[in-house]
Amino acid sequence: MNVLVARMDNLGDVLLAGPCVRAVAAGADRVVLLTGPRGRAAGELLPGVDEVISWCAPWIDPEPPPVTREDTDAFVRHLSGFSFDSALILTSFHQSPLPLALLLRMAGVPWIGAVCEDYPGSLLDLRHRVPGDPPEPVRMLSLAEEAGFSLPPGDDGGLAVRWPLPPVEDLVGDEDYVVVHPAASVPARQPSAGRSAAIVRALQAAGRRVVVTGSPSESALTRQVAGTALDLGGHTGLSELAAVLAAADVVVAPNTGPAHLAAAVGTPVVSLFAPVVPASRWAPYGVPSEVLGDQHAACKDSRARVCPVPGHPCLDRLAPDAVVDAVARLSRVSSRRPARR
């Protein structure tokens with residue numbers, strides 16, 4: 001079978017789709033992963049993916065392009081060229097799979113499955129419903145299982161990336177370190193720069209070597225946060241970042257793609273989690289972790305992109321010493337990790 005798996009939003013969302021992708025790959029001849037442009041780099045790291053294609057979905061991307069017939073027709077023609085036998089559409093709980101299902105039908109895909117609460121008419125062959133509030137990887141894997149796919153023997157269903165990762169010793173040296181990743185995709189999910197800088201200083205005062213990471217667009221923030229710590233903001237691609245996280249004792253990060261990347265390489269995570277979305281769904285999955293931050297703050301479940309509460313209390317009232325203590329607890333777990341691949 002030639003199967004399309006679609007997950008069309010950010011890096012972290014694509015990483016969380018990994019167990020589902022591997023289950024499909026175990027029962028298919030070829031797996032093509034469809035991502036949005038923001039998630040493509042993560043898709044290229046996923047085991048089980050034979051090819052990654054990207055398109056910016058106007059109903060999902062946070063800065064959507066205009067809907068045009070020319071762009072949509074070109075996308076449908078491109079999909080038609082793959083002659084897919086089936087497709088699974090993966091979405092967050094607040095997203096609809098139906099716009100993409102319509103385009104896949106127009107591209108001639110004969111069988112389509114998705115988690116869907118809305119009436120799908122003839123757009124879906126499998127309308128899967130997931131009770132409760134499970135972690136996102138479990139929710140997506142359940143769709144693959146309902147479609148008849150299953151993880152291969154020995155696969156524990158955790159997050160994963162392709163190995164080997166590139167060498168990063170020239171970047172980080174050979175001394176133990178803790179990573180602090182201060183940024184998230186939206187401001188409501190990250191501490192202020194001042195609070196992140198205080199966390200870095202507290203870790204250093206506790207004797208930790210700290211490495212601060214971030215994308216090129218986040219380099220101004222990482223400079224502000226790092227102080228005397230090693231600042232790698234803008235100096236790593238995603239695979240290099242994965243290697244830096246894999247070699248860390250612990251990663252400290254908000255609810256963001258690099259937190260899930262840390263989980264995918266097996267590193268414990270201190271999650272600075274703003275409750276604008278549920279931690280039950282989005283906390284780091286499959287590795288030792290601790291969720292810090294006020295999970296009952298007024299912003300809870302608001303899905304806000306900018307904090308609606310003055311002072312950002314869910315994260316900016318978090319005591320840096322609480323992070324230091326969590327890192328100490330997880331460092332003891334980290335010291336018992338198997339040798340890195």
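**Exercise 1.** Is F82 buried or exposed, at 15% relative accessibility?

*Solution.* The model is predicted. Step 1: the cut-off for buried is under 20% relative accessible area. Step 2: F82 has 15% relative accessibility, so F82 counts as buried. Step 3: the relative accessible area of F84 is 5%, so F84 is buried.

**Exercise 2.** Work out why the rings of W55 and F75 count as stacked, and place both residues in the chain.

*Solution.* Step 1: a search of the whole structure gives three aromatic pairs. Step 2: planes under 30 degrees apart count as stacked. Step 3: the ring centres of W55 and F75 lie 4.0 Å apart with the planes at 5°, so this pair is stacked. Step 4: W55 sits in the loop between β3 (51-54) and α4 (69-80), while F75 belongs to helix α4, 20 residues apart, and the pair links distant parts of the chain. Step 5: both W55 and F75 are buried. Step 6: F82 and F84 also form a stacked pair, at 5.1 Å centre to centre and 10° between the planes. Step 7: ring pairs join W55, W59 and F75 in a cluster.

**Exercise 3.** Describe the largest pocket and find which helix supplies the largest share of its lining.

*Solution.* Step 1: the largest pocket holds about 1100 Å³ of space. Step 2: 41 residues line this pocket, and the closest to its centre are N10, L11, D13, S185 and V186. Step 3: at least two lining residues come from each of α1 (11-16), α10 (238-246) and α11 (257-264). Step 4: α1 gives the largest share, four residues. Step 5: sorted by class, the lining has 16 nonpolar, 17 polar and eight charged residues.

Key
Residues numbered from 1 in each chain as written. Predicted model: local features only at pLDDT ≥ 70, side-chain atom pairs only at ≥ 80, totals over all residues. Heavy atoms only, no water. 1 Å grid on protein atoms, 1.4 Å probe; cavity = no way out; pocket = protein on both sides within 12 Å on 5 of 7 lines; lining within 4 Å. Points joined across faces, edges and corners; volume = space filled by probe spheres on them. Nonpolar A, V, L, I, M, F, W, Y, C, P; charged D, E, K, R; others polar. Phe/Tyr/Trp six-rings, centres within 6.5 Å; stacked < 30°, edge-to-face > 60°. Buried < 20%, exposed > 50% of the residue type's maximum accessible area, 1.4 Å probe, protein only.
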